[in-house]
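Dear colleague,

I am passing on the structure we talked about, together with some notes on what I found in it. Please look through it with the notes beside you.

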Amino acid sequence: MHELSIANSVVEICAEQAHGARVRRVTLEIGQLSAVMPEAIRFCFDVCAKDTVVEGAALEIVEMPGQARCLACGATLDVAVPFGQCACGSENLELISGQQLKIRQMEVG
Ligand SMILES: [Zn+2]
């Protein structure tokens, strides 16, 4: 399962950066175009965090909307799928947001 390996690496990164301290809270940014299910991440996170310093940490997931820049006119538009068409008619879009999956913040203590 895709989400399980993602959750596992999130837990590993947090545990490594915590340097043995207890992790209280983790905030994850998940792009809406990343094809990752936040609820599946939440479930897998708890499974992966078990018996690590991350166990019991609150997981916050911030879903980031997809955004693309039109290479024809330079406009920025919101996209719900990884392709689309600008108001100017161009389909030459460059995705600038929405595919990311990263740890935004972590609280230890
Ligand atoms: Zn355009």
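At which residues does UniProt place the feature "binding site" (unreviewed entry)? Before I answer, please keep in mind that this is a predicted model.

The UniProt record places that feature, in an unreviewed entry, at C70, C73, C86 and C88. These residues are spread over 19 residues of sequence, yet they cluster in space, with a largest C-alpha distance of 8.7 Å. For two of these residues I can say more. C70 lies in strand β3, and at a relative accessible area of 1% C70 is buried, because the limit for that class is under 20%. Leaving aside neighbours within four places in sequence, C70 is in contact with A75, L77, C86, C88, S90, N92 and L93, a list that includes the annotated residues C86 and C88. C86, for its part, is placed in the loop between β4 (76–79) and β5 (93–97), and C86 is also buried, with a relative accessible area of 8%. Not counting residues up to four places away in sequence, C86 touches C70, C73, A75, L77 and L93, so that A75, L77 and L93 appear among the contacts of both C70 and C86.

The annotation "binding site", again from an unreviewed UniProt entry, also covers H2. This residue lies in helix α1, which comprises residues 2–18, and H2 counts as partly exposed at 49% relative accessibility.

How do α1 and α2 cross, and at roughly what angle? The axes of α1 and helix α2 (residues 38–49) come within 8 Å and cross at roughly 50°, which means that α1 is oblique to α2. The crossing of these two helices, α1 and α2, is right-handed. On the side of α1 the contact is made by E3, L4, I6, A7, N8, V10 and V11, which meet A40, I41, C44, F45, C48 and A49 in α2. The residues of this contact between α1 and α2 divide into eleven nonpolar, one polar and one charged.

Two residues other than glycine have a positive phi that you may wish to check in the model. For H19, phi is near 50°; this residue is found in the loop between α1 and β1 (23–31), where H19 counts as exposed at 73% relative accessibility. For A35, phi is positive at about 60° although the residue is not a glycine; A35 has its place in the loop between β1 and α2, and with 65% relative accessibility A35 counts as exposed.

The remaining notes concern strand β2 and the loop that follows. V62 is found in strand β2 and is partly exposed, with a relative accessible area of 23%. Leaving aside neighbours within four places in sequence, V62 is in contact with T27, L28, E29, I30 and R104. The C-alpha atoms of V62 and L77 are separated by 20 Å, although these residues are 15 residues apart along the chain.

E63 lies in strand β2 as well, and E63 counts as partly exposed at 45% relative accessibility. Once neighbours within four places in sequence are left aside, E63 is in contact with I30, Q32 and P38. Of these, P38 is 25 residues apart from E63 in sequence and 8.2 Å apart in space, C-alpha to C-alpha.

P65 lies in the loop between β2 (58–64) and β3 (66–70), and at 44% relative accessibility P65 counts as partly exposed. Not counting residues up to four places away in sequence, P65 touches Q32, S97 and G98, so Q32 is listed as a contact for both E63 and P65. The C-alpha atoms of P65 and P38 are separated by 13 Å, with the two residues 27 apart along the chain.

With best regards

Conventions. Residues numbered from 1 in each chain as written. Predicted model: local features only at pLDDT ≥ 70, side-chain atom pairs only at ≥ 80, totals over all residues. Heavy atoms only, no water. UniProt positions renumbered as here; feature names shortened; annotations may be inferred. Helix = DSSP H or I, 4+ residues; strand = E, 2+ residues; numbered from the N terminus. Buried < 20%, exposed > 50% of the residue type's maximum accessible area, 1.4 Å probe, protein only. Axes fitted to C-alpha atoms, helices over the stretch in contact; angles between N-to-C directions. Parallel < 35°, antiparallel > 145°, perpendicular 65-115°, else oblique. Left-handed = near helix turned anticlockwise from the far one by under 90°. Contact = heavy atoms within 4.5 Å. Nonpolar A, V, L, I, M, F, W, Y, C, P; charged D, E, K, R; others polar.
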